[in-house]
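Subject: Structure handover

Dear colleague,

Here is the structure for your files. My notes on it follow below.

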Amino acid sequence: MTAVETRQNLVKISTASHLSGIRVETLRAWDKRGQLEPTQRVGNTRYYTTEQVERMKALNTLIQSGIGYTIGELCLKSDHELHQLVSELHASPGLHVVTESNENARVVVAGWRVVELRDTSLEDEQNRTVAPNLDDVEAFLKYLKRLDHLGLDIAIIELPSGWDLDYINSLRDQIDELNHSDCDVIAVSFLNNPASFQRYQREAKQKGVSLLDGDNLTWDAVLVEIKNVLAMRNQATDVSPSTLSPGELARLARSNHRIAGVAVADLVNLYQHIEDMCGLAHREVAQQPTPNDSLATHLVKQLRTVHGDLGQCLLFVREST
């Protein structure tokens, strides 16, 4: 342990974070919850023993593997039990993981700030999330690679501070490459510029990603967005048995092709605008105490028809380009 900052054979939280691969913010949250408290405090600085750092490494390995334990469960285990689990994990390189059993939507939450925001008391059986202790996007992608089930419906992912629209595009592509092109993405970003965020939301939507502003965000608002995404998935299924995945839409949105003078990217944009209109109209009608407005119902039906027709056009384009 030479060349690291020490105080009476202890290491600072920053060094513990570097050595273990666990974010400083996560270690602070664990300390706050009494799951992994520092051995010593000097002012606001936390100090850990080398044994605690080794424990952190084991915890990080198990968490990143996504084998199904929560951090609360893991922190109750002894060092010996943790290292035994790590040994078993390394002895089974083909091990796959599953999300918590849920007959309804499969929704995974990734990102420590989003997990801190998560409030399962507001969820119901139809809209329940799973938070397998994934601190960031990279951990989520590793988890997704090992996932062994029919696929995710939605991933709620906290974006890093340096994200841009190219990053979102790359994220969408990586998810598709891991054979989860049917997974919708709700991306949460913190510390945004209000003047540009609305434009980013529109452009991210074209890449198959719903973008939420993390500032003052509530879990109620996240659940509303989950319901909106699921409603649109159901509507697409009702309109046509053959639909475009978010990844396919994102790829078509980047296309430079024109057919009969019509830009494919513009067609995708129109398809997604109609999709948004369908969602808005559907929610407004559903929220009425007595949804018997025949004009509103007819409008929703016609919007779905237009959306389905545009979807069929895009399916043709997909096969032709």
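Two strands are said to pair if DSSP finds at least two bridges between them; helices (H or I, at least four residues) and strands (E, at least two) are DSSP runs, numbered from the N terminus. This is a predicted model, in which local features need pLDDT of at least 70 and side-chain atom pairs count only at pLDDT 80 or more, while totals for chains, interfaces and linings use all residues. Residues are numbered from 1 along each chain as its sequence is written, and side-chain values use heavy atoms, with hydrogens and water left out.

Strand E7 (residues 184–189) pairs with E8 in the parallel sense, over five bridges. In this pairing, valine 188 is opposite leucine 212 of E8. Of the five residues of E8 (residues 209–213), four are buried (under 20% relative accessible area, 1.4 Å probe, protein chains only; exposed is over 50%, partly exposed in between), so E8 is largely enclosed by the rest of the structure.

Helix H8 covers residues 165–177. With 13 residues at 1.5 Å each (times one less than the number of residues), H8 should span 18 Å, which agrees with the 18 Å between its end C-alpha atoms. Its buried residues are Leu165, Ile168, Asn169, Leu171, Arg172, Ile175 and Asp176. They lie on the same side of H8, because their arc around the axis (taken from the directions from the helix axis to the C-beta atoms) is only 160°. On the face turned away from that buried side are the exposed residues Asp166 and Glu177. Just after H8, asparagine 179 has a positive phi of about 65°.

Regards
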